[in-house]
Amino acid sequence: MARVEWKCPGCKVVYRVPTAEGLVLCPNCRVAPVNNKPTPRKPKSSRWTASDVAFVVISSAVLIGALTLIGIPFWNAMKPEKDPTKLLVRQWLHENLEDGKWEEVKWFPAKTVKGLQDLNLLHIVEAMEADKQKFERGELKEDKSAEYKELYNMVRVSEPRTFCGLKYRTSTLNGQAKTLRRQTFEIVDGKAKALPSNEIREVTSPLMKNFHNSVHDGIRYFDDPEYEPFPNEPLAGLESRLQVASIWKEPVRQFPVAPFAPVTPPAPHRAEIANVAPLRQIPALERSEPEIPPRIREYLDREAQIESAQIAILEKRIAGFETKLRNAKPSQMSDIQKRIDQTKDELAVTRRKRFIAAIPDEPLVDDIGALPVMEVIEVVNDDTALVRWFPHGKGRLPRIEVAVHPIERGRFKKGESVLNPDKTYRVTATKVEPSDTIKKLINAGKKPEFVVEETDTDTDEFGKWRVQYEKEMRSKK
């Protein structure tokens, strides 16, 4: 049957149909009842199932986590940084981390610590005053006043030092975990210098080897707002103290007195005395106190230095709180006043406390002091033990091998850590002044620096010297 072409008036599509009679629209078009215009058919809307939504959420979480793990180290390395000090620290991290990647946790911006310079000057003056007293007592043979003045002037004209800090995470060697690290830096000659053990150290000099208050916790300085190791205001009176401490008088030397020739007294004149009046009691002549033995005096000096250093720290803390109190808001005054009262109570206890000084790092025979923290290396025999002494605490340098002889049987055990801050020892031998004990140990391949024996500083004899020493200190104030 023949077909004819018919064009749909709605969609304009041409169809071949048997006849065009009666056709209005094609099957794909409809005519609205109002205006008879064709209306296109709406496409079917798609619907999301619960599984589709769950898949998208899980996939997004995995993708974000992967981007975070990979992107944070990359962003730390690539993002622009405007802090010039932080750029120096980043350079140090790139050069010293094995993979050169880290995740920043907390940044402590650089601080120029002016109070550290004043504290250095104070400690130089205090060490100079202590050595001056030793020199004038005849215990120090060399006049070091010129060296102290040169060191003081060198520190006084030096630039204030700048420090910063960083808490960051790095991957472990196997890459399975993260390790939190803390590091303090000093900016020296345009470079970031990592501080060993995060310690801010004062100026070092052979003149200051017996002055132990020279190390400060760098991370705590940045992280703890109540830790204030450095003066907030310039210390007054240092120049005048320096001038007084610079005059070292020659020690008074005792010259032997030539014996007098014996004189025969005349024979007493006898006379009859009827009534004898009672003799007027003549006051006893004042006798000079005996001289304190040099080694005991040197130990008592170290005790006094520790005490004065602790007192100075607490007094400085009180002064800092009082400064804050003057500038504080009314709501803060009660809390600050409470801290002042607590620190004053601590100061009162410190003034009554007796400190025990440690043995010097480079002791001489007859030096006295404590070995607060040590670790038993070996019990050599029933009389001798070899220990490792940590003058600045376990895990810190230096680590000094010391022989303890004689010992109590069973008191020392190999590998045991011994904490005995209240026990004192006396040095009996050193490598320079050896004994049979240290010679035998060295010949056996051991490396003791010196030998000590237990002693007691609470005896009546030692207490007598302490009382006399305290009288001398009071008379000088």
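In the hairpin of S1 and S2, six residues sit between the strands, and Lys12 takes a positive phi near 65 degrees. The model is a predicted one, so to speak only of what it supports, local features need pLDDT of at least 70 and side-chain atom pairs count only at pLDDT 80 or more, while totals for chains, interfaces and linings use all residues. Residues are numbered from 1 along each chain as its sequence is written, and side-chain values use heavy atoms, with hydrogens and water left out. Strand S1 (residues 4-7) runs antiparallel to strand S2 (residues 14-17), with four bridges between them; strands (E, at least two residues) and helices (H or I, at least four) are DSSP runs numbered from the N terminus, and pairing takes at least two DSSP bridges. Val4 faces Val17 in S2.

As for the interior, the largest nonpolar core (buried Ala, Val, Leu, Ile, Met, Phe, Trp, Tyr and Cys joined through side-chain atoms within 4.5 Å; buried is under 20% relative accessible area, exposed over 50%, partly exposed in between, with a 1.4 Å probe and protein chains only) has 29 residues, and Ile124, Tyr148 and Phe230 are among those touching the most other members. Elements giving two or more residues to this core include strand S5 (103-113), helix H3 (114-137) and helix H4 (145-157). H3 gives the most, with nine residues. Leaving aside neighbours within four places in sequence, Ile124 is in contact (heavy atoms within 4.5 Å) with Tyr148, Leu151, Tyr152, Val155, Val203 and Met208. Apart from this core lies another, of 16 residues, including Val376 and Phe450.

Val56 belongs to helix H1 (residues 50-78) and is partly exposed, at 38% relative accessible area.
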